[in-house]
Amino acid sequence: MNPFQYQRVSAPDAAIHAGALPSAKFLAGGTNLVDLMKYGVETPTTLVDINHLTLTDISANPDGGVTIGALVRNSELADHPLIRQRYPLLSQALLSGASPQLRNMASTGGNLLQRTRCYYFTDINFPACNKRAPGSGCGAIDGYNRIHAILGQTDKGPTSAETCIATNPSDMNVAMAALQATILVQGPKGKRSIPVAEFYRLPGTTPQLDTNLHPDELITAVTLPAPRFARNAYYLKARDRNSYAFALISVAAGLELEGATIQSAGLALGGVAHKPWRSVDAEHALAGKPANAQTFANAAEIALRGAKGYEHNTFKIEMAKQGIVRALTIAATGTGANA
Ligand SMILES: Cc1cc2nc3c(=O)[nH]c(=O)nc-3n(C[C@H](O)[C@H](O)[C@H](O)COP(=O)(O)OP(=O)(O)OC[C@H]3O[C@@H](n4cnc5c(N)ncnc54)[C@H](O)[C@@H]3O)c2cc1C
Ligand code: SF4
């Protein structure tokens with residue numbers, strides 16, 4: 001591990017001041033950052049420990065929504081009555097992630113910013129990775145790409161400086177995408193709110209960038225709008241083991257029903273793209289339709305339009321379609337919300 005300075009802060013202003021130092025990184029639960037430092041992937045010169053900031057509340061908003069402090073741990077968030085009652089989708093997504101010990105450490109802000117699990121990114125012995133070493137190419141595209149993207153990737157061949165087919169590994173952010181969360185951040189230039197749909201980036205021409213957060217900006221909270229899917233929601237996660245494994249594909253499905261008719265829907269996929277993949281087109285196709293197998297199959301086809309697989313991950317396309325139908329079917333029964 002590279003040598004680094006350690007600085008503990010107790011106020012957001014002090015955190016932002018320290019975070020403006022070159023190559024500084026905020027330290028929350030450390031469950032991703034410290035691993036990446038041990039592997040030599042992240043090499044911050046200063047670690048700004050934010051664990052003493054009071055960003056730990058979960059509170060109800062006057063509009064019926066909820067605000068979640070950036071340092072709320074994943075386990076506390078999943079079990080909080082406001083989340084369980086109003087946003088069971090989020091609770092389920094959180095509980096499907098990692099292990100109880102990790103969820104006790106993992107924070108809301110850190111979970112949003114965890115980095116890809118692409119093997120060629122996390123192992124510095126592989127020379128080609130545009131995300132870790134911009135301009136070096138992409139080892140995954142002609143390599144072992146079972147966990148990689150099928151939607152929204154940049155695919156210009158193994159030697160292009162733009163190619164990246166990495167996926168975002170978070171479960172929490174898939175539910176937040178379907179719920180249309182907003183990320184609240186604070187930096188040297190003040191505060192701003194970023195809808196989750198604008199927070200994450202596709203690789204585009206800059207695969208080294210995961211999000212639109214500036215390096216010196218601190219996530220302070222996440223807000224959720226008034227709930228629509230408290231009764232009819234389901235988070236489906238397909239993975240190699242039933243616990244302690246990242247999603248091959250995941251589906252966050254929420255339905256607002258009136259009788260058997262869908263008033264509105266929230267639909268996002270995990271494990272398929274560089275960002276949580278919300279399909280607005282599929283949501284629109286669901287609205288106003290009867291909640292039945294044909295409607296759900298149509299939404300699945302729309303959500304996977306343009307999907308492209310590689311040597312080891314083409315199975316994800318069919319798996320994602322079937323996952324969507326299954327998640328929507330369970331959500332519609334109303335049994336998924338308390339699963
Ligand atoms: C074995 C294992 C299995 C896992 N399985 C899953 C899984 O199935 N599903 C899943 O979703 N996750 C899984 N995870 C990932 C885990 O959820 C993340 O490591 C965790 O959420 C990161 O949170 P943290 O607080 O520890 O972040 P840290 O490691 O402290 O930080 C991560 C990044 O976020 C930045 N950061 C943290 N807080 C802030 C803030 N407030 N403002 C700005 N920047 C900030 C840090 O600088 C760093 O770059 C797994 C992890 C491990 C080790
Ligand atoms: S997919 Fe992205 S993260 Fe993985 S090797 Fe290619 S450039 Fe790196």
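## Sheets, cavities and unusual backbone angles

Leu269 has Trp277 as its bridge partner in E12. That pair is a handy place to start a walk through this predicted model, in which local features need a pLDDT of at least 70, side-chain atom pairs count only at pLDDT 80 or more, and totals for chains, interfaces and linings use all residues. Residues are numbered from 1 along each chain as its sequence is written, chains are lettered from A and ligands numbered from 1 in the order in which they are written, and side-chain values use heavy atoms, with hydrogens and water left out.

**The antiparallel sheet**

Two bridges join E11 to strand E12 (residues 277-278), and the two run antiparallel. Strands here (E, at least two residues) and helices (H or I, at least four) are DSSP runs, numbered from the N terminus. Two strands count as paired if DSSP finds at least two bridges between them. Besides the pair already met, Ala268 stands opposite Arg278 in E12. The hairpin of E11 and E12 has six residues between the strands, and Gly271 in this hairpin takes a positive phi near 75°.

On to the neighbouring pairing: E10 and E11 are antiparallel over nine bridges. Glu258 faces Thr261 in E11. This hairpin has two residues between the strands, and Gly259 takes a positive phi near 65°. Strand E11 (residues 261-270) is mostly covered, with eight of its ten residues buried. Buried means under 20% relative accessible area, exposed means over 50%, and partly exposed lies in between (1.4 Å probe, protein chains only).

Put together, these strands belong to an open sheet of four, ordered E9-E10-E11-E12, with antiparallel pairing. Its edge strands are E9 and E12, each of which pairs on one side only.

**The parallel sheet**

Strands of a sheet pair through backbone hydrogen bonds, either parallel or antiparallel. The parallel kind appears in an open sheet of three strands with the order E1-E3-E2. Strand E1 (5-8) and E2 are its edge strands, each pairing on one side only. From one strand to the next, the twist averages 25°; the underlying axes are lines fitted to C-alpha atoms, for helices over the stretch in contact, and angles run from 0 to 180 degrees between N-to-C directions. E2 is joined to strand E3 (residues 46-49) by four bridges, and the two run parallel. Thr46 in E3 is the bridge partner of Ala24.

**Domains**

The protein chain is divided into domain 1 (5-49) and domain 2 (234-333), with bounds that come from an automatic or database domain assignment. The C-alpha centres of the two domains lie 36 Å apart.

**Positive phi outside glycine**

Which loop holds Ser23? Ser23 is found between helix H1 (12-19) and strand E2 (24-27), and has a positive phi of about 60° although it is not a glycine. With a relative accessible area of 47%, Ser23 is partly exposed. Tyr244, in the loop between strand E9 (233-238) and strand E10 (249-258), is also not a glycine, and its phi is positive, near 65°. Tyr244 counts as partly exposed at 49% relative accessibility.

**Cavities**

How many cavities of 30 Å³ or more does the structure hold? There are two. On a 1 Å grid over the protein atoms alone, a cavity is a set of points where a 1.4 Å probe fits but cannot get out, and lining residues have an atom within 4 Å of a point. Grid points are joined across faces, edges and corners, and a volume is the space filled by probe spheres set on the points.

| Cavity | Volume |
|---|---|
| Largest cavity | about 80 Å³ |
| Second largest cavity | about 60 Å³ |

Of the 14 residues that line the largest cavity, the closest to its centre are Cys118, Cys129, Asn130, Cys138 and Cys164. By class, the lining of the largest cavity has nine nonpolar residues, four polar and one charged. Ala, Val, Leu, Ile, Met, Phe, Trp, Tyr, Cys and Pro count as nonpolar, Asp, Glu, Lys and Arg as charged, and the others, Gly among them, as polar. The second largest cavity has two nonpolar, five polar and three charged residues in its lining. Among them are Gln114, Arg115, Lys131, Asp210 and His274.

**A contact along the chain**

Ala293 sits in helix H12 (residues 293-303) and counts as exposed at 54% relative accessibility. The C-alpha atoms of Ala293 and Arg326 are separated by 9.1 Å, with the two residues 33 apart along the chain.

Key:
1 Å grid on protein atoms, 1.4 Å probe; cavity = no way out; pocket = protein on both sides within 12 Å on 5 of 7 lines; lining within 4 Å.
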